[in-house]
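Open the model in your viewer and keep the sequence panel beside it. We will go from stop to stop, selecting a few residues each time.

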Amino acid sequence: CNYGSKYPASKGNDGIIRNRRRFITHTCKTSNSWWQVDLETTKEIDSVQLWNRGDCCRFRLSNFHIRFLDENGNEVKNIFHAGGLEGDQWTQAFYPGKGIFARYVKVQLTAGEPLSLTEVRVMGWDRA
């Protein structure tokens, strides 16, 4: 599997939200496929918004975890979402709750399918 050159992880937070294949990130079909962003410093997280691909294969973004990790990679919060995104929506926001500080945000499937998505936006602010 060599999706990295055609659908690199960087497309998952490049600010481009388009309903076309060339604007997505895509992993290989592995157990518990994942995508992760490094926020470069620890932030207090307000929300994470995910955009699913809209051209096909919407089922791939289903039954997933949004994991919030500290600077050492330790999990500080985990949101599990059963099923796909709601109804016909191709975007959904998730809220971890107050006081969640993380450096990394990871989207991880629970099955052995490829993970493909269009965009991930993490909203928050610098640690006080």
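Select glutamate 40. In this predicted model, glutamate 40 has a relative accessibility of 63% and therefore counts as exposed, since the cut-off is over 50%. Glutamate 40 belongs to strand E2. Now look at its backbone. Glutamate 40 is not a glycine, yet its phi is positive, about 75 degrees. Most residues other than glycine have a negative phi.

Next, select asparagine 32. This residue also has a positive phi, about 55 degrees, without being a glycine. Asparagine 32 lies in the loop between strand E1 (25–26) and E2. Is asparagine 32 exposed, partly exposed or buried? Its relative accessibility is 32%, so asparagine 32 counts as partly exposed.

**Strand E3**

Select residues 64–69, which make up strand E3. Six of the six residues of E3 are buried, so the strand is largely enclosed by the rest of the structure. Show the side chains. Which residues point one way from E3, and which the other way? Phe64, Ile66 and Phe68 go one way. His65, Arg67 and Leu69 go the other way. In a regular strand the side chains alternate between the two faces of the sheet.

Now find the partners of E3. Add strand E4, residues 75–81. E3 and E4 run antiparallel and are joined by six bridges. Across this pairing, histidine 65 stands opposite phenylalanine 80 in E4. Follow the chain through the hairpin of E3 and E4, where five residues sit between the strands. Stop at glycine 73 in this hairpin: its phi is positive, near 85 degrees.

Add strand E6, residues 101–109. E3 and E6 also pair in the antiparallel sense, over six bridges. Here phenylalanine 64 stands opposite leucine 109 in E6.

**Two rings and a charge**

Keep phenylalanine 64 selected and add phenylalanine 94. The structure holds one aromatic pair, and these two residues form it. How are the rings of phenylalanine 64 and phenylalanine 94 arranged, stacked or edge-to-face? They are edge-to-face, with 80 degrees between the planes. Centre to centre, the rings are 5.8 Å apart. The pair links distant parts of the chain: phenylalanine 64 is in E3 and phenylalanine 94 is in strand E5 (residues 91–94), 30 residues apart. Both phenylalanine 64 and phenylalanine 94 are buried.

For another ring, select tryptophan 34 and lysine 106. The charged end of lysine 106 sits over the ring of tryptophan 34, at 4.5 Å from its centre.

**The nonpolar core**

Select Val48, Leu50, Leu61, Phe64, Ile66, Phe68 and Val107. These residues have the most contacts inside the largest nonpolar core, which has 21 residues. E2, E3 and E6 each supply at least two residues of this core. Which strand gives the most? E2 does, with six residues.

Zoom in on leucine 50. Leaving aside neighbours within four places in sequence, leucine 50 is in contact with several residues, including Leu61, Phe64, Ile66, Phe94 and Val107. Threonine 91 is also one of its contacts.

**Threonine 91**

Select threonine 91, in strand E5. What does its side chain touch? One polar contact, of 2.9 Å, goes to the side chain of glutamine 49. Another, of 3.4 Å, goes to the side chain of tryptophan 51. Leaving aside neighbours within four places in sequence, threonine 91 is in contact with Gln49, Leu50, Trp51 and Leu85. Add glycine 12 and draw a line from C-alpha to C-alpha. Threonine 91 and glycine 12 are 79 residues apart in sequence and 13 Å apart in space.

**Arginine 53**

For the last stop, select arginine 53, in the loop between strand E2 (34–51) and E3. Is arginine 53 buried or exposed? Arginine 53 has a relative accessible area of 2%, so this residue counts as buried, the cut-off being under 20%. Show its side chain. A polar contact of 2.8 Å joins the side chains of arginine 53 and aspartate 55. The side chain of arginine 53 also reaches the backbone oxygen of cysteine 56, at 3.3 Å. Finally, show the residues around arginine 53. Beyond its neighbours within four places in sequence, arginine 53 is in contact with residues including Asn19, Arg21, His26, Arg58, Trp90 and Thr118.

Note on methods: Residues are numbered from 1 along each chain as its sequence is written. This is a predicted model: local features need pLDDT of at least 70, side-chain atom pairs count only at pLDDT 80 or more; totals for chains, interfaces and linings use all residues. Side-chain values use heavy atoms; hydrogens and water are left out. Rings of Phe, Tyr and Trp (its six-membered ring) pair if their centres lie within 6.5 Å; planes under 30 degrees apart count as stacked, over 60 as edge-to-face and the rest as tilted. Helices (H or I, at least four residues) and strands (E, at least two) are DSSP runs, numbered from the N terminus. Buried means under 20% relative accessible area, exposed over 50%, partly exposed in between (1.4 Å probe, protein chains only). A charge sits over a ring if NZ of Lys or CZ of Arg is within 6 Å of the ring centre and within 35 degrees of the ring normal. Two strands pair if DSSP finds at least two bridges between them. A polar contact is a pair of N or O atoms within 3.5 Å; within protein, one must be able to donate a hydrogen and the other to accept it, and residues adjacent in sequence count only if both atoms are side-chain atoms. Contact means heavy atoms within 4.5 Å. A nonpolar core is a set of buried Ala, Val, Leu, Ile, Met, Phe, Trp, Tyr and Cys residues joined through side-chain atoms within 4.5 Å.
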